[in-house]
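Biologist: Could you take a close look at the aromatic rings in this predicted model and walk me through how they pair up? I'd like one connected story rather than a list.

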Amino acid sequence: MDRKRADGQLAQIAETVGLARRLGSRVWLRGGWAMDFFLGEQTRDHEDVDWFAPAADAGALAAALRALGHRPLPGSPPEQQLDFVRDGLESSFALVDPAPDGRVLVAGGPWAGTAWPAGLLDGPPGRLGGLVCPIVAPEAQIEIKRMMPVWDPRRPRRAKDAADIARLERALGR
């Protein structure tokens, strides 16, 4: 594993959690790092750090990240996801909105209003070493990794997702 890259990403995770706390907001790790925080160990290299964040807090979060030297990256519709890079390390924030019935919805873009899996943000925090971080519930993470190629056929199935699903299912005793 690329230890230097991982250490930089872990420092970025700690910084982002602290930043959200100072803003009075919340963020939740998603993707590979969420899995690793759930398992309590780094299992593989990660291309980036993926988050969920409330759409209502997106402006303040983006401004605070820019003030810390993160540069916005083009890509997803900004009402759906914010992407940044600093020191060669990328992070993305998928924006979510609460529904009146308690579900978590895609905030914007072509899937605006679509519900994420039930219980998405209801899991306990994860831990990696001494770092504690809110994470996506592992059951929701499995569903997302299984269904993403169905929900968006432009996104192929990936070997790393199959491996992640197997790790999470083992840890959940399935």
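**Aromatic pairs up close**

Modeller: Sure, let's begin inside a helix. Helix α2 (residues 31–39) holds both Trp 33 and Phe 37, which are 4 residues apart, or about one turn of the helix. Searching the whole structure turns up 5 aromatic pairs. Trp 33 and Phe 37 make one of them, with ring centres 6.4 Å apart and 70 degrees between the planes, an edge-to-face arrangement. Trp 33 has a relative accessible area of 1%, so it's buried. Phe 37 also comes out as buried, because its relative accessibility is 1%.

Now for a pair with another geometry. Trp 51 and Phe 93 have ring centres 6.0 Å apart, and their planes are at 5 degrees, so this pair is stacked; the cut-off for stacking is under 30 degrees. Here the partners come from distant parts of the chain: Trp 51 belongs to strand β2 (residues 48–54) and Phe 93 to strand β5 (residues 89–98), with their positions 42 residues apart. Trp 51 is buried, at 1% relative accessible area, and Phe 93 is buried too, at 0%. The story doesn't stop at two rings, either: Phe 84 joins Trp 51 and Phe 93 in a cluster linked by ring pairs.

One last contact brings in a charge. Arg 30 has its charged end over the ring of Phe 52, 5.3 Å from the ring centre.

Conventions. Residues numbered from 1 in each chain as written. Predicted model: local features only at pLDDT ≥ 70, side-chain atom pairs only at ≥ 80, totals over all residues. Heavy atoms only, no water. Phe/Tyr/Trp six-rings, centres within 6.5 Å; stacked < 30°, edge-to-face > 60°. Helix = DSSP H or I, 4+ residues; strand = E, 2+ residues; numbered from the N terminus. Buried < 20%, exposed > 50% of the residue type's maximum accessible area, 1.4 Å probe, protein only. Lys NZ or Arg CZ within 6 Å of the ring centre and 35° of its normal.
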